[in-house]
Amino acid sequence: MGNLKYKGRMLKFVISSRRPPALAGPATTTVKESVLNSTTTQRALAKLPAKLIIASRESRLAMWQATHVRDRLAALYPQCQIDILGMTTRGDQILDKTLSKVGGKGLFVKELEVALAEGRADLAVHSLKDVPMDLPDGFLLSTVLEREDPRDAFVCNDYDSLATLPAGSIVGTSSLRRQSLIAARYPQLVIKPLRGNLDTRLGKLDRGEYAAIILAAAGLKRLGLERRIRAYLSPEDSLPAAGQGAMAIEIVAAERSDGVDLAALLSPLNHEATLHAVMAERKVSKMFGASCQIPVAAHATIDPHVNGGELHLRAMVATPDGRRSAFAEVSGPAALPEALGEQVARLLEQQDAAGILAECRRDAAAAGDA
C-alpha cells in the first residue's frame, strides 16, 4: 500500500473517520461494534490474519506502548493471535554520548524497520517524537493514536520548580530543545546530558547525579509514575517537541502477499484530531531539517467548536545555549495542518531562523571535530 491522498495532498498517514475504542490510555470509550461497521474495516476483516507480530523496543515504556496496542487490537479482533517481538536498538545501546553525536532519533527505529522489511514483524509501535521526519522508502505511518499529556515534567526530590533550584544546580535532559529553553530562562543552572531509559534516568536522579531532570509527562503517566512529577512545565514555558505524547504505528508500504489490508485493520485506532495536530507539528520540523542537533519545538491544539475545527500551532527554533531564538504561531482550519505548518515556518524564517539553524550546525560540527 502506497501513500494516500487527503485534501489533495500526498501523506504517509491513513485517516480514520471514527474514534478508536478505549481499553486503556486517554481515548474516550466507544462501542466496538460501531467502530467495525465501516465499509473499509469490514472488507479488511474478510482477510484477517491468524497472527500479527508487533515489533517494539524492550524498554519498559516501549513495551507498555506495544502492549497497549496489542490489547486494543485483541479487543477488536479476538480471533487473531497478537504477539510482541522485543528488540534492543542502537539508540538503547549507546548511552555514553548524546543523540546529536551518534546519529539522531533514527537509532531508535532502524532495527524495528529491519524486522518489518524481513517479515519478522507486521507492525512497529513508536513514540512519535522519536520517529524521523522522513521515513525510508517502503515504510509508512499507518496510524496515530490519541495523544497523552504533551507537556514536559520537572522531576526533583528536593525542590518544587526550576525557579527554586539553587544556582549551579545540575539539571539533566536528553533534549537540546529543553536545554535551550531552560538556558534562556535560568542561566544560573548547569544543564548536562541525560541518556538511558526512563528507569535509568530516574535512578541517576535518585543517586544524586542530578538535582533535577526534565522528562516527558506522557511516559511517566503511562508507567504509573505520575507521583514523581514535581511540576508540569506549561507549553508556554516549555514548548513540546513535534509529536510529543503521541504514539504511532509503522508498517511496510507494499501490498502484502497474503492480501491483508493491514492499514485498514489498524484504522480503528486512529485519532483524527491528534493526527492533524502532529501533521502540522512535523511539517514545521521537516521544513527546518529538524534533527537532534537542532532545537526545534512545535505544538498544536485543536478547538473542535470553532469554525468546524480550528488548529492553533506554536513553533520555535533556537540555539542550544538559548541566546538566540525565534517563536511564531498561527491559527487556521484543522483540515489543513500541513499548510499551517508551512505558514508558521515562514514566520520563523522572517526572524532569521536560517541564521539560527546555521549557527546550530556550525556548533555541532565543531563539537564533532573536538
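Which residues in α8 are buried? Keep that one in mind for the third view; the answer is Leu198, Arg201, Leu202, Gly203, Lys204 and Leu205.

**View 1. The whole chain, a predicted model with 13 helices and 15 strands.** Start here to get your bearings. The chain has 370 residues, and 53% of them count as buried. Of the contacts with a separation of 6 or more, 70% come from residues 24 or more positions apart in sequence. Confidence averages out at a mean pLDDT of 85, with 80% of residues reaching 70 or more. Two stretches call for some caution: pLDDT stays under 50 over residues 1-35, and again over residues 91-104. The model still has contacts beyond four places in sequence for both, 100 for residues 1-35 and 25 for residues 91-104. Where pLDDT is low, though, the predicted coordinates shouldn't be read in detail.

**View 2. An open sheet of five strands, ordered β9-β8-β10-β7-β11.** The pairing in this sheet is mixed. β9 (190-193) and β11 (229-233) sit at the edges with a single partner strand each, so one side of each has no neighbour in the sheet. On average, neighbouring strands here are turned by 30° against each other, direction ignored. Zoom in on β8 (residues 170-173) and you'll find β8 running parallel to β9, with four bridges between them. Isoleucine 170 is the residue standing opposite valine 190 of β9. Helix α7 (residues 176-185) lies across β7 (152-155), β8, β9 and β10 (212-216), and runs at about 130° to β10.

**View 3. Helix α8 (residues 198-206), packed on the sheet.** This helix touches β7 and β10, and its direction makes about 160° with that of β10. Back to the opening question: the buried set is Leu198, Arg201, Leu202, Gly203, Lys204 and Leu205, so Arg201 and Lys204 count as buried here because each has under 20% relative accessible area. The cover over these buried residues includes β7, β10 and α9 (217-222). Look at both ends of the helix, too. At the start, a side-chain oxygen of asparagine 197 comes within 3.2 Å of the backbone nitrogen of aspartate 199. Just after the helix, glycine 208 takes a positive phi of about 85°.

**View 4. Aspartate 160, in the loop between β7 and β8.** Is aspartate 160 buried or partly exposed? It counts as partly exposed, at 48% relative accessibility. Leaving out residues up to four places away in sequence, aspartate 160 touches Phe154, Arg230 and Ala231. With arginine 230 there is a polar contact, side chain to side chain, at 3.0 Å. Aspartate 160 and alanine 212 are 52 residues apart in sequence, yet their C-alpha atoms are 9.9 Å apart in space.

**View 5. Strand β5 (residues 123-127), with buried residues on both faces.** Five of the five residues in β5 are buried, so the strand is largely enclosed by the rest of the structure. In a regular strand the side chains alternate between the two faces of the sheet. In β5, Leu123, Val125 and Ser127 are on one side, with Ala124 and His126 on the other. What about the strands that pair with it? β3 (residues 51-57) pairs with β5 in the parallel sense over two bridges, and alanine 124 is the bridge partner of alanine 55. β12 (residues 247-252) pairs with β5 in the antiparallel sense over four bridges, with histidine 126 bridged to alanine 248.

**View 6. Two loop residues with positive phi, asparagine 307 and aspartate 352.** Most residues other than glycine have a negative phi. Asparagine 307, with phi near 50°, is found in the loop between β13 (296-303) and β14 (310-318). Asparagine 307 is exposed, with a relative accessible area of 69%. For aspartate 352, phi is about 65°, and the residue lies in the loop between α12 (337-349) and α13 (353-369). Aspartate 352 is partly exposed, at 39% relative accessible area.

**View 7. Two buried cysteines, cysteine 80 and cysteine 360.** Cysteine 80 counts as buried at 6% relative accessibility, and cysteine 360 does too, at 2%. A search of the whole structure turns up zero disulfides.

Definitions and conventions
Residues numbered from 1 in each chain as written. Heavy atoms only, no water. Pairing = 2+ DSSP bridges. Axes fitted to C-alpha atoms, helices over the stretch in contact; angles between N-to-C directions. Contact = heavy atoms within 4.5 Å. Disulfide = S-S within 2.5 Å. Buried < 20%, exposed > 50% of the residue type's maximum accessible area, 1.4 Å probe, protein only. Polar contact = N/O pair within 3.5 Å; in protein donor to acceptor, adjacent residues only side chain to side chain. pLDDT = per-residue confidence, 0-100.
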